[in-house]
Amino acid sequence: MPAGSEPGLAPGLPHTWRPLGVRLVGGVSALMLVALCVAAWIALGEDLRARFSLFERATFVAVGLLGGAVWLALLRSRIGASAEGVAVVNGFRRRNLAWAQIVAIRLRRGAPWAEMDLSDGTTIPVMAIQGSDGERAERAIREFRTVLTSLTSTERDD
């Protein structure tokens, strides 16, 4: 049976894959950290809070914003597939690729995320498919390979 003909394996296009575990852990951790910081600030008491200089308060806010930027980068990670091509978003960087540029995608055992081999001999990370997602990540790799195989074989037939 050809790879593209397995029932229920190929998603319809357009389709987007996103990491699950990293997004959940990041969201819960961020909420817990904010709650902890607010509780600690309130527990300090008004007289002790008054001793903090403007610079110290600004530093505290800047560290929080930096953490928020890292979390936002993880949230933005995705791979979007359409009939026209693939958009790989890793953090704040986006790469638009034609299907013909993609040779393969793989998730090595123990790797933090998938890698995509390109026709120019380079590889790019695909942070949208996280190894920590387990079976979900393996299913995403199989789905993407099925779409890749079906679209690239169609282009060769034309």
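**Figure 1. Four strands side by side in an open sheet.** In this predicted model, 4 strands line up in the order β1-β2-β3-β4 to make an open sheet, and their pairing is antiparallel. At the edges you'll find β1 (15-17) and β4 (93-97), each of which pairs on one side only. Going from one strand to the next, the twist averages 15 degrees.

**Figure 2. A closer look at β1 and β2.** Let's zoom in on the edge strand β1 and its partner. How many bridges join β1 to strand β2? There are 3 bridges, and the two strands run antiparallel, with β2 covering residues 78-81. To spot one of the matches yourself, start at Thr16: its bridge partner in β2 is Gly80.

**Figure 3. A second open sheet, made of 3 strands.** Here the order is β5-β6-β7, and the pairing is again antiparallel. β5 and β7 each have a single partner strand and stand at the edges, so one side of each has no neighbour in the sheet. In this sheet the twist averages 25 degrees from one strand to the next. One thing to keep in mind while you look at strands: in a regular strand, side chains alternate between the two faces of the sheet.

**Figure 4. The hairpin of β5 and β6.** Strand β5 (residues 102-106) is joined to β6 by 4 bridges, and the two run antiparallel. Between them sit 6 residues, and in that turn Gly110 has a positive phi of about 85 degrees. Which residue in β6 is the bridge partner of Arg106? It's Glu115, and you'll meet this couple again in the salt bridge view.

**Figure 5. The hairpin of β6 and β7.** Strand β6 (residues 113-118) pairs with β7 over 5 bridges, in the antiparallel sense. Two of the matches are easy to find: Met116 has Ile124 as its bridge partner in β7, and Ala114 has Val126. This hairpin has 4 residues between the strands, and Gly121 takes a positive phi near 95 degrees. Is strand β7 largely enclosed or left open by the rest of the structure? It spans residues 123-130, and 6 of its 8 residues are buried, so β7 is largely enclosed by the rest of the structure.

**Figure 6. Arg106 and its salt bridges.** The structure holds 4 salt bridges, and Arg106 takes part in more than one network link. Its side chain meets that of Glu115 in a salt bridge of 3.2 Å, N to O. Arg106 also meets Asp117 through a salt bridge, this one at 2.4 Å, N to O. The Arg106 and Asp117 pair links distant parts of the chain: Arg106 is in strand β5 and Asp117 in strand β6, 11 residues apart. How open are these residues to their surroundings? Arg106 has a relative accessible area of 22%, so it counts as partly exposed. Glu115 is partly exposed too, at 29% relative accessibility. Asp117, with a relative accessible area of 17%, is buried, because the cut-off for buried is under 20%.

**Figure 7. Glu135 with Arg142, and the network elsewhere.** Glu135 and Arg142 form a salt bridge, and their closest N and O atoms are 3.0 Å apart. Glu135 is partly exposed, with a relative accessible area of 44%, and Arg142 is partly exposed as well, at 35%. Elsewhere, salt bridges that share partners tie Arg106, Arg108, Glu115 and Asp117 into one network.

**Figure 8. Aromatic rings: one pair and one cluster.** The structure holds 3 aromatic pairs. Why is the pair of Trp41 and Phe52 called tilted? The ring centres are 5.3 Å apart and the planes are at 55 degrees, so this pair is tilted; to be called edge-to-face, the planes would need to be over 60 degrees apart. Trp41 and Phe52 link distant parts of the chain, 11 residues apart: Trp41 lies in helix α1 (residues 21-44), while Phe52 lies in the loop between α2 (46-49) and α3 (54-76). Trp41 is partly exposed, with a relative accessible area of 32%, and Phe52 is partly exposed, also with a value of 32%. Now look for three other rings: Trp17, Trp99 and Phe144 form one aromatic cluster.

Definitions and conventions:
Residues are numbered from 1 along each chain as its sequence is written. This is a predicted model: local features need pLDDT of at least 70, side-chain atom pairs count only at pLDDT 80 or more; totals for chains, interfaces and linings use all residues. Side-chain values use heavy atoms; hydrogens and water are left out. Rings of Phe, Tyr and Trp (its six-membered ring) pair if their centres lie within 6.5 Å; planes under 30 degrees apart count as stacked, over 60 as edge-to-face and the rest as tilted. Buried means under 20% relative accessible area, exposed over 50%, partly exposed in between (1.4 Å probe, protein chains only). Two strands pair if DSSP finds at least two bridges between them. Axes are lines fitted to C-alpha atoms, for helices over the stretch in contact, and angles run from 0 to 180 degrees between N-to-C directions.
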